[in-house]
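Work through the exercises below with the sequence and model open. Each task is followed by its solution in steps.

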Amino acid sequence: MKYKIPKDFLWGGAVAAHQLEGGWQADGKGISIADVMTAGANGVPRQITAGVLSDKFYPNHEAIDFYHHYKEDIKLFAEMGFKSFRTSIAWTRIFPQGDEELPNEAGLKFYDNLFAECHKYGIEPVITLAHFEIPYHLVKEYGGWRDRRVIDFFIRFATTVFKRYRHQVKYWMTFNEINNQTDYQEQFLMATDSGLVLEPNDPDSEALMYQAAHYELVASALAVKIGHQINPEFKIGCMINVSPLYPATCNPQDTFQALKAMQRRYWFADVHALGSYPRHMEAFFAEKGLRSDITAEDRIVLAEGTVDYIGFSYYNSMTVAAQTTNPEFHFVGPEAVQKNPYLQASDWGWPIDPLGLRYSLNWLADHYHKPLMIVENGLGAKDELTADDQIHDQYRIAYLKAHIQAMKDAIEKDGVPVIGYTPWGCIDLVSAGTGQMSKRYGFIYVDRDDQGKGSNRRLKKDSFYWYQKVIKTNGSEL
Ligand code: BG6
């Protein structure tokens, strides 16, 4: 029998609460880390301010106002034929400060309504628990995930939503792109992943990252265990950013550097999926003298709370070269990264590499032997609105077509078990990295600009009709 895209394949789209909902103070919502992130630009980082300052512009505060438009938007997703819709539950709608005893009923109600709207059209919600949305109060008062008590607060949040939505949501993910913080010198990644707001070149940042990541991994494993007790039918996954690392040349030095870089970026998935730290990380910690608070009890929890599937994002591959300044091949970030001369890049400099997706799918299947879900993929691009309200986004169609073809090849020719594909930003939203609206990923255009001006009108792009056909034919017509 020939391998094919399964009939119940979860075609859909993905977003995150803070990037589209807006309503940052609606119905008792608290301030999250995303609410203190200013707008950046292409190559200009976003700032994380000390609280909400009156003279700054925070694009996530209003975003595309999905909070008040969700019915209209889900109707459009249904028109495209979505079988699934990935979003996150904003932690601060449920626990505005993060450390309260009791949840905010109005916040819970919003997601009751949202999930009911999805089910009305047969759309399966796929829910991320933590997508760069830690309550700002936990950042300020506890220093984010460096504090073990944050595990308890997260578990209270997870348990509350698992119970409330046990019949509405089957697919869950714990921490979005938990491995972004591998680049611990990047303040923005530390803040979004772990609520660690650090000064540039903080000498403790590496140790803090490994500590915070450990607490998150324990929290994730506990959530998996508790979720399965609440509903044994739950499928709870992790969420890893996968950018496979290629060697810049076939020089064994570069090849070995690429291997070590893969180990350093993807050990998080080993812990999630295999239930323990890989030996190369234990050896690395010992060699560097990094001593995190990891208890024997934590190790039992990690072993007992392994994930049901691997959710991952794929946008691009990366290419690395060995550095004479790094004789031990530790992967220490930007200086090792090279331009790949075989690949074109997006306007934001992200290499475009569809075969890299097939490579990633094979690599993940070989390592973890679990079902895989591609929960983000896409091209951030500038769109032009014509005088008659059209958006001819052939470049986006070309990108997605090539990536879906690569996924099909992985399923059909390599036998990789893929259960769903939810391309990123199925409706235009605020970019996480730059805070821009003009970095658009959607099938649906939203009339709003980088300064937060516009009518918020929704318009179908050419890619809308193209993706509708892809879903209708279960990927046979691309
Ligand atoms: C992933 C995130 O890193 O990539 C999303 O999970 C993000 O939140 C997406 O939006 C695309 O990145 P960007 O910076 O173009 O928004």
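**Exercise 1: the nonpolar core**

F312 touches M239, I240, V242, L364, L372, I374 and V375, leaving out residues up to four places away in sequence; a contact here means C-beta atoms, placed from the backbone, within 7 Å. The model is predicted: local features need pLDDT of at least 70, side-chain atom pairs count only at pLDDT 80 or more, and totals for chains, interfaces and linings use all residues. Residues are numbered from 1 along each chain as its sequence is written.

Task: find which residues have the most contacts inside the largest nonpolar core, and which helix gives the most to this core.

Step 1. A nonpolar core is a set of buried Ala, Val, Leu, Ile, Met, Phe, Trp, Tyr and Cys residues joined through C-beta atoms within 7 Å. Buried means 20 or more other C-beta atoms within 10 Å of the residue's own, exposed 12 or fewer, and partly exposed in between, with C-beta atoms placed from the backbone.

Step 2. The largest core has 130 residues, and I240, I310, F312 and M407 have the most contacts inside it.

Step 3. Helix 8 (residues 205-230) gives the most, with 12 residues. Helices are DSSP runs of H or I, at least four residues, and strands are runs of E, at least two, numbered from the N terminus.

**Exercise 2: positive phi**

Task: place H369 in the chain and decide whether H369 is exposed or buried.

Step 1. Most residues other than glycine have a negative phi. Phi of H369 is positive, near 50°.

Step 2. H369 sits in the loop between helix 12 (354-368) and strand 10 (372-376).

Step 3. H369 counts as exposed because it has 11 C-beta neighbours inside 10 Å.

Key. Two residues are in contact if their C-beta atoms, placed from the backbone, lie within 7 Å.
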